[in-house]
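Subject: Structure for you to look at

Hello,

Here is the structure I promised you. Please open it next to this email, and then read my notes below.

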Amino acid sequence: MDEDKASFAYKYKSERIQITDYITMSDLISATLIQQSTTSPEQKTQLPNPLLLSDYEILSKAYLTHVKDDQECDAKTLYDLVSNVLSASTLGTALVNSQSQITTVTSFKPEYRELKLISCQMITTRGTAQCAHQTTLWILQRLRGFSWDAKALITLAAFSLEYGEFWRLLKIPTSDLLGTSLKQLNQVQIRNVHADVIDLVKFLVQEVLPLIRKWAMWYGNDYDTEKVYSLSLATREIPLVVYWTIAATVACTGKLVGITSEYKLSEFKLKLSIFVDKLKNHLESCGNQIGKVDDYEKRIKDSERIKDVVGLLRLLIHGNGPQIPLIYEGSTLIKTGIEVFKQKYVLLFISSLENVRDEILLLNSIYKRLQENPKIIKGFNKEDFKILWVPVVDDWDDNRKNKYMDLRKDIKWYVLEYFSELPGIGIVKEKLKYDIEKKDPIISVINPQGDIINENAKPIIFQWGIDAFPFRKEDAEDLIKKWLWLWKIIEKVDPNFNLEDITKDHYIFIYGGNDIKWIKDFSTAIGNIKKNEYINGYDLTIRRHQLGRDNPDKVPYFWIGIDSKKPKKKCQGNLDCEIQKAVESLLCLKKDPSGWVLLSKGHNVKLLGHGEPMLQTVVDFNKWKENVLEKESFDVAFKEYYDSVVKAISARCDNYVSDVLATITCPNPTCGRVMEVTSVNYSCCHRDNPNSCTIPLN
């Protein structure tokens with residue numbers, strides 16, 4: 001559409017078309033002029049030639065005639081009849097070949113007299129392009145209450161009355177007295193139908209009319225134009241397509257009845273074909289877009305009837321074309337495809353290609369932890385949980401393909417390779433609630449039956465890691481409850497503690513003790529880690545807080561609060577048992593002569609540690625800092641090194657032989673218990689009971 005046409009602002013709705021200030025009163029006067037067969041030469045020179053008018057000028061005049069489209073038209077009946085008449089007359093073959101298939105129609109809208117009136121108006125139009133233009137506007141004004149497709153259809157029906165009658169009479173044998181008389185009365189024997197008339201009629205019946213019909217059908221289905229945006233573009237072409245269809249029909253009628261004309265039909269056909277080609281291109285795009293919309297809605301409906309997780313994944317990633325989605329585990333192609341997830345829980349990682357390295361590192365860590373013991377937690381087997389990355393990309397150009405392949409190098413779990421638009425994008429948006437605009441990654445958890453048990457487990461996995469297994473919403477709630485009592489005690493004892501830190505994914509070291517030197521050394525060592533360039537290169541925040549630093553008199557109330565949580569009876573349920581274990585571990589820390597440390601990530605307490613090994617671990621940060629990347633987690637790397645330090649210190653446990661009974665404590669500071677007496681042999685309880693005063697949190 002040229003710039004003049006594109007600048008024409010209008011709104012096309014089924015009930016009413018509103019025209020902007022582009023349309024002037026002179027347009028209204030021009031549009032309502034009725035062509036008379038007795039136009040004088042002076043009048044003719046004042047009339048516009050449509051072949052020389054701009055698209056904007058044609059569009060403004062055509063649109064002014066359209067008021068609303070609430071008048072009744074039996075479009076289906078009319079379309080079949082017109083198609084049959086024009087096809088049978090021109091091509092010798094009707095669209096409906098079998099006589100038994102033709103349904104007898106007794107009446108339809110508009111009635112015969114309306115069609116005949118339009119036919120007569122076209123027959124009496126003088127043979128100039130200017131007069132054809134005026135008759136076209138007259139017809140549009142006459143049909144102002146009909147839809148755009150009905151205007152073209154009714155005009156062609158009026159033309160069919162004359163065109164069909166001509167060909168029917170032409171074929172009547174001379175033995176038919178009535179028919180021969182009618183043939184002579186219509187002067188059929190002296191009228192020649194030239195090739196350009198037949199050519200234009202073929203073009204109208206074979207190309208133009210079906211396109212207008214298809215547009216009307218799709219437009220009437222009320223598709224969302226944001227999803228089928230080409231329908232709006234097609235609708236903009238329709239007024240010009242209809243105008244030139246009617247104008248070409250008027251010109252063709254003049255040729256049919258033998259009026260001497262000053263124009264060539266090919267000129268009208270050329271003008272019409274320009275807009276028909278545009279309409280065809282838009283409708284082809286419409287067909288593709290409507291196909292996607294229909295497929296989108298079908299997949300959403302089918303997703304309500306799936307039987308298992310494989311069925312859901314099939315709707316999500318299998319398209320209707322020949323391209324087969326590939327599933328890789330790391331770099332290994334899985335030949336069975338999505339069948340590998342049969343009877344499995346699937347952590348479905350949905351994301352774009354941007355800013356996903358943190359999520360990939362996190363899921364690599366989860367992948368490793370799923371391989372570790374214990375295998376069964378809360379009745380779920382870790383080996384039944386699989387991770388699958390489904391990237392959502394609008395346009396898979398070479399740059400995006402290369403970026404995808406680069407990201408895939410770091411992935412140890414399952415990934416989808418499908419370099420086209422994701423077939424089940426509707427499921428991603430509507431069922432998994434993935435925001436296509438924001439593109440924030442999500443991790444949905446799907447059970448073997450195909451049910452979504454968590455739309456987005458990413459927040460709880462980021463905060464709790466493997467502790468959130470099996471990653472349901474209630475698992476995060478239980479974890480919060482597991483430590484909520486402790487955070488309430490800390491808040492009550494030390495108002496200076498910033499509770500906002502535990503609502504974020506910050507690492508927090510909370511520590512205390514009676515050894516002033518240890519407190520000072522630990523504070524300094526943590527400060528060094530915070531300033532370390534290696535840590536600053538990662539997207540993580542480390543906080544530190546010495547409990548009761550400003551008010552040490554409050555510290556005893558911290559231990560009193562924990563002591564009050566000591567179990568008075570056997571634990572009831574998993575959560576209660578977890579809380580009792582945590583209380584025992586905390587009370588064990590209280591005995592450490594150096595100090596104690598609590599390391600948490602947000603709400604989640606990751607580690608409860610003794611003073612000496614905790615200080616050693618922090619001081620030795622440069623020795624294990626590379627493990628932060630390897631383990632994809634600061635707390636995992638920290639705990640592994642801490643455990644190695646504890647193991648080294650535990651080697652100090654020994655047996656002592658003496659002739660004197662004495663009270664001797666275990667030299668292991670993580671134990672601190674009095675060694676029991678066996679005769680005169682002193683045996684460390686830490687060695688004999690490896691679980692004594694350990695800090696089991698997972």
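A residue counts as buried here when its relative accessible area is under 20%. By that cut-off, helix H4 buries Asp-55, Ile-58, Leu-59, Ser-60, Lys-61, Ala-62 and Tyr-63. That is 7 of the 10 residues in H4, so the helix is mostly covered by the definition just given. Please keep in mind that this is a predicted model.

**The helical part**

H4 (55-64) also supplies at least two residues to the largest nonpolar core. This core has 80 residues. Ile-154, Trp-244 and Phe-268 touch the most other members. The other helices that each give at least two residues are H5 (75-90), H6 (112-123), H7 (129-142), H8 (148-170), H10 (195-220), H11 (229-256) and H12 (265-302). H11 gives the most, with 15 residues.

Look at Trp-244. Which residues does it contact, leaving aside neighbours within four places in sequence? They are Pro-50, Leu-51, Ile-58, Phe-268, Lys-271, Leu-272 and Phe-275. Ile-58 is one of the buried residues of H4.

Another core lies apart from this one. It holds 60 residues, among them Tyr-328, Val-393, Phe-558 and Ile-579. As background, nonpolar side chains tend to be buried together in soluble globular proteins.

**The sheet**

Next, the strands. An open sheet is built from 7 of them, in the order S4-S3-S9-S8-S5-S10-S11. The pairing is mixed. Why do S4 (332-333) and S11 (452-454) each have one side without a neighbour in the sheet? Both stand at the edges with a single partner strand, so one side of each is left open in that sense.

At one end, S3 (residues 326-329) pairs with S4 in the antiparallel sense, over 2 bridges. Glu-329 has Thr-332 in S4 as its bridge partner.

S8 (385-391) is mostly covered, with 6 of its 7 residues buried. S8 pairs with S5 (residues 345-351) in the parallel sense over 7 bridges. In that pairing, Ile-350 is matched with Val-390 in S8. S8 also pairs with S9, again in the parallel sense, over 2 bridges. There, Leu-388 stands opposite Tyr-414 in S9.

How does the chain get from S8 to S9? It crosses through helix H15, in a right-handed β-α-β crossover. H15 (residues 398-408) packs on the sheet and touches S3, S8 and S9 (414-417). The direction of H15 makes about 165° with that of S9.

**Aromatic pairs**

The whole structure has 36 aromatic pairs. Two are worth pulling up on screen.

- Phe-380 and Phe-385: the ring centres are 6.3 Å apart and the planes are at 70°, so this pair is edge-to-face. Both residues are buried.
- Phe-509 and Phe-522: the ring centres are 6.2 Å apart and the planes are at 65°, so this pair is edge-to-face. Both of these residues are buried.

What does the second pair tie together? Phe-509 lies in strand S12 (residues 507-512) and Phe-522 in helix H19 (residues 516-531), so the pair links parts that are 13 residues apart in sequence.

Phe-509 and Phe-522 also belong to one aromatic cluster. Its other members are Tyr-507, Tyr-511, Trp-518, Phe-621, Trp-624, Phe-634, Phe-638 and Tyr-641.

Best wishes

Notes
Residues are numbered from 1 along each chain as its sequence is written. Side-chain values use heavy atoms; hydrogens and water are left out. Two strands pair if DSSP finds at least two bridges between them. Helices (H or I, at least four residues) and strands (E, at least two) are DSSP runs, numbered from the N terminus. Contact means heavy atoms within 4.5 Å. Axes are lines fitted to C-alpha atoms, for helices over the stretch in contact, and angles run from 0 to 180 degrees between N-to-C directions. A nonpolar core is a set of buried Ala, Val, Leu, Ile, Met, Phe, Trp, Tyr and Cys residues joined through side-chain atoms within 4.5 Å. Buried means under 20% relative accessible area, exposed over 50%, partly exposed in between (1.4 Å probe, protein chains only). A crossover is right-handed if, with the strands pointing away from the viewer, the path from the first strand over the helix to the second runs clockwise. Rings of Phe, Tyr and Trp (its six-membered ring) pair if their centres lie within 6.5 Å; planes under 30 degrees apart count as stacked, over 60 as edge-to-face and the rest as tilted.
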